[in-house]
Amino acid sequence: MPVWLREHRWRQTASAVYLSLPVRGLRVTPANIFCTDRYLKVSIPPFLFETILYAPIDDTNSTAKIGNGIIFFTLYKKEAAMWDSLTLANANKEKLQYLRENAVLKAHEKAKEETEAKKVTKQEHKKYALEATMKLEEAERKRIEDLKEKERQKVTKELELWKKQQDAAEKQKRVQKEGELHQEVEQLKEKKKEKNNKASIPNEGTSETRIKATKGCRGSYSMFSENLKEEQLPAPRSAATIKINFTSRVFPTALRESRVAEEEEWLRKQAEARRTINADLSELEDLKEEEKNPDWLKDKGNKMFATGNYLAAVNAYNLAVRLNNKLPLLYLNRAACHLKLRNLHKAIEDSSKALELLTPPVPDNENARVKAYVRRGTAFCQLELYTEGLQDYEAALKIDPKNKNIEKDAEKIRHLIQGTTQDC
Amino acid sequence: MAAGLDRPQVVSHAQQALNYTLFDCKWVPRSARLLCLGSAARGSGLLQLYELRGGRLALLREIEKAKPLKCGTFGATSLQQRYFATGDFGGNLNIWNLEAPEIPVYSVKGHKEIINSIDGVGGLGIGEGAPEIVTGSRDGTVKVWDPRQKDTPVANMEPVQGESKRDCWTVAFGNAYNQEERVVCAGYDNGDIKLFDLKTMSLRWETNIKNGVCSVEFDRKDVNMNKLVATSLEGKFHVFDMRTQHPTKGFASVSEKAQKSTIWQVRHLPQNRDIFMTSGGAGSLHLWKYEYPSQRSKKDSEGAEMGVAGSLSLLQNVTLSTQPISSLDWSPDKKGLCVCGAFDQTVRVLIVTKLNKI
């Protein structure tokens, strides 16, 4: 239950009402005061003071002064008239209630309107600020443009001046040269008269052409000085050729052409492959040092393949694979041996393993890949799995389209397939 | 780096839209005229002579040739004759007298494929020795020609028999400080840079900068070789200090990655050999200054002399176009005046200011 504050005093003039409300010892803030045009409330829990005013007031201009344990209200009347009392006399509960709610609503609306107004003014201020900055920047830009323009004009004037000088100089030179020419022509004529006795037809001819040429061309002046100068120049160099080499790279392409990422991967794989030694060294202790080197074993295997000793070659490759199972060439060569030995399934296995190890596909391992495909294709055909064989041959052709042998073999297989399907 | 407007500014003075693909543009020495050459849509070569008048370029002459023209130089003619040497798409080297351009003064089918780059030395009153022209072509060879000798080059740098060829993208003369000495530098598309000494007819130095070399230039052709700038794809360029050659390490260099795209050309300012401009694939131009180190050479652990590279500072950069600027030429007569041609079929004349204060 609120405690009503009743000790208020008021006095009035024609236009205003002065109300003083003692609030001894209570802290009052503006939030505790609620005022609309007909309703005034001061709520400092648990204390409460409210009035329904006799007549409407101008609540926007009215003020409340808080201090010294008193709230002093200055309420400006909407209509200048004397009030009979501060509050409305016969206010029943309902009316009170209604008025209260009304007051609250009105206050809400007012607050809303105020915020709206604030927003609008804020926006206008922002716009103004923006325009002001834009103007400033424009001015700055214009200033720089003007400076640049001035530079341009200055420079253009200088250029024109220089051009005029050039033209004047050229004209002068030309006049000078023509003068000299005339002099020299005179001299020549005199010389000609002297040489008339001797057979000097070539001389005459050349001197005449010289005169003609110089008179005709605007650009070339005296040919005489030209000839003199030529004699001072060294003779043309004796012809020679310098042979050059271009920078070699692992992949002979310029940076912009290479597929660097793939090539790097391939190189790395190769390097790793060479480094793996994954054999049980205990078993192989009785082998000689060189027999533990996969490359040496590969060479041995190749030699034995060449002599026709396929079983021995397979043994060599097997040992090499035990030592290092990441070298694709070992599997490739072993596949060839198996083909010769007609171990076709093993040949297929080995070619497949080789192809696996030959990724990523780069120009460097093209040859190896072609061989792997061809060997696997052959094995398939010998097992009479012609479609798989053809697939492999076509893959080989894709890598190396210019190989006639592969083309011929692929054709043969195609015929075979067509033949068998026709039979069935 | 100087601040704000104290830096050199690149001012656009004039520009001209063309109706053909522009491959090269060069100033005619001792004049305010410039030559543009390129390829017309109908597959023929065009050579146009413009004059700078007021703020505009006025077309004086247009010459059409059978094959599209790729590159040209005034480097090997005298100041009086001003003959222009061009390389075209068919591998022909021609020298034209612009007054009478119907028949070339010198013509040879020098290469089997397009001549990518051409340079001349010994003319224009610069340097000593016989005028010579060097051409680099897609067929992997670099040939040096003397206009007095018909049909055969005086030097031929070709790949060894059986070697797969790499395109030669750029050539430059250098070290022509007396009548005997001369050096040709060639850049290839696989990043090789090779330096050929024409006096001893041998390969003097080679290196590889990993990316294709678009342009090489010595800072001066007619002095003891001082600096060499090589630009490449992917926005990198290298400046080599050519005064000290170490027996194994070659020349010292500093490299800079400036633009995100290919750097198509580098050209040194004729009046100041430490300032050069690079043009990029994004249509931008960068103006650089090279600063020498306090000591240009030092001794390494074995006592051999090796060079010390200096440092680079960017003076200015400007973006003129959205297409690559493929050719650039400074005027030898007016400091700061330059012409650049881009693949957006425009030729622009620019003025770089405040170069005196650098």
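Here are some exercises with worked solutions on a predicted model with a chain A and a chain B.

**Exercise 1. Work out how many residues of chain A and chain B are in contact, and how much area is buried between the two chains.**

Start with the residues. On the chain A side, 40 residues are in contact with 63 residues of chain B. Next comes the area: about 4,500 Å² is buried between chain A and chain B. Now see which atoms supply that area, and you'll find that carbon and sulfur give 56% of it. Finally, look for the top three residues in chain A. They're A:R237, A:I242 and A:F246, which supply 19% of the area that chain A buries against chain B, more than any other three residues.

**Exercise 2. Find the salt bridges and polar contacts between the chains, then say which elements of chain A make up the touching side.**

First, count the salt bridges between chain A and chain B: there are four. Pick out one of them, the salt bridge of B:K334 with A:E158. The closest N and O atoms here are 3.9 Å apart, which just fits a cut-off of 4 Å. Then count the residue pairs in polar contact between the two chains, taking pairs with both residues at pLDDT 80 or more, and you get ten.

Now turn to the side of chain A that touches chain B. Three elements, α1 (93-195), α3 (223-232) and β9 (240-244), each supply at least two of its residues. The largest share is that of α1(A), with 13 residues. Sort the residues of this side by kind and you have 17 nonpolar, ten polar and 13 charged.

**Exercise 3. Which strand of chain B is joined to β9(A), and do the two run parallel or antiparallel?**

Step one: follow the bridges from β9(A), and they lead to β13 (residues 155-159) of chain B. Step two: count them, which gives five bridges. Step three: check the direction, and the two strands turn out to run parallel. For one example of a bridge, go to A:K243, whose partner in β13(B) is B:E158.

**Exercise 4. Explain what the salt bridge between B:E64 and B:R42 ties together.**

Begin with the whole structure, where a search over all chains finds 33 salt bridges. In the one between B:E64 and B:R42, the closest N and O atoms are 3.0 Å apart. Next, place both residues: B:E64 sits in strand β5 (residues 56-65) of chain B, while B:R42 is in the loop between β3 (33-39) and β4 (45-53), so the pair ties together parts 22 residues apart in sequence.

**Exercise 5. Describe the chain over the two repeats that UniProt lists in unreviewed entries.**

Take chain B first. UniProt lists residues 133-146 as "repeat: WD". That stretch of chain B is 64% strand and 0% helix, and its end C-alpha atoms are 6 Å apart. Then take chain A, where UniProt gives residues 370-403 as "repeat: TPR". Here the chain is 79% helix and 0% strand, with the end C-alpha atoms 10 Å apart.

**Exercise 6. Locate a cis peptide bond, and two residues with positive phi that aren't glycine.**

The cis bond runs from A:P45 to A:P46, with omega near 0°. You'll find A:P46 in the loop between β5 (39-44) and β6 (47-52) of chain A. For positive phi, go to B:M201, at about 55°, in the loop between β16 (192-197) and β17 (202-208) of chain B. Then try B:K354, with phi near 60°, in the segment after β30 (346-352) of chain B.

How values were computed: Residues are numbered from 1 along each chain as its sequence is written. Chains are lettered from A and ligands numbered from 1 in the order in which they are written. This is a predicted model: local features need pLDDT of at least 70, side-chain atom pairs count only at pLDDT 80 or more; totals for chains, interfaces and linings use all residues. Side-chain values use heavy atoms; hydrogens and water are left out. UniProt positions are given in the numbering used here, feature names are shortened, and annotations may be inferred rather than shown by experiment. Helices (H or I, at least four residues) and strands (E, at least two) are DSSP runs, numbered from the N terminus. Contact means heavy atoms within 4.5 Å. Buried area is the accessible area (1.4 Å probe) that two parts lose on being put together, summed over both. A salt bridge is a side-chain nitrogen of Lys or Arg within 4 Å of a carboxyl oxygen of Asp or Glu. A polar contact is a pair of N or O atoms within 3.5 Å; within protein, one must be able to donate a hydrogen and the other to accept it, and residues adjacent in sequence count only if both atoms are side-chain atoms. Ala, Val, Leu, Ile, Met, Phe, Trp, Tyr, Cys and Pro count as nonpolar, Asp, Glu, Lys and Arg as charged, and the others, Gly among them, as polar. Two strands pair if DSSP finds at least two bridges between them.
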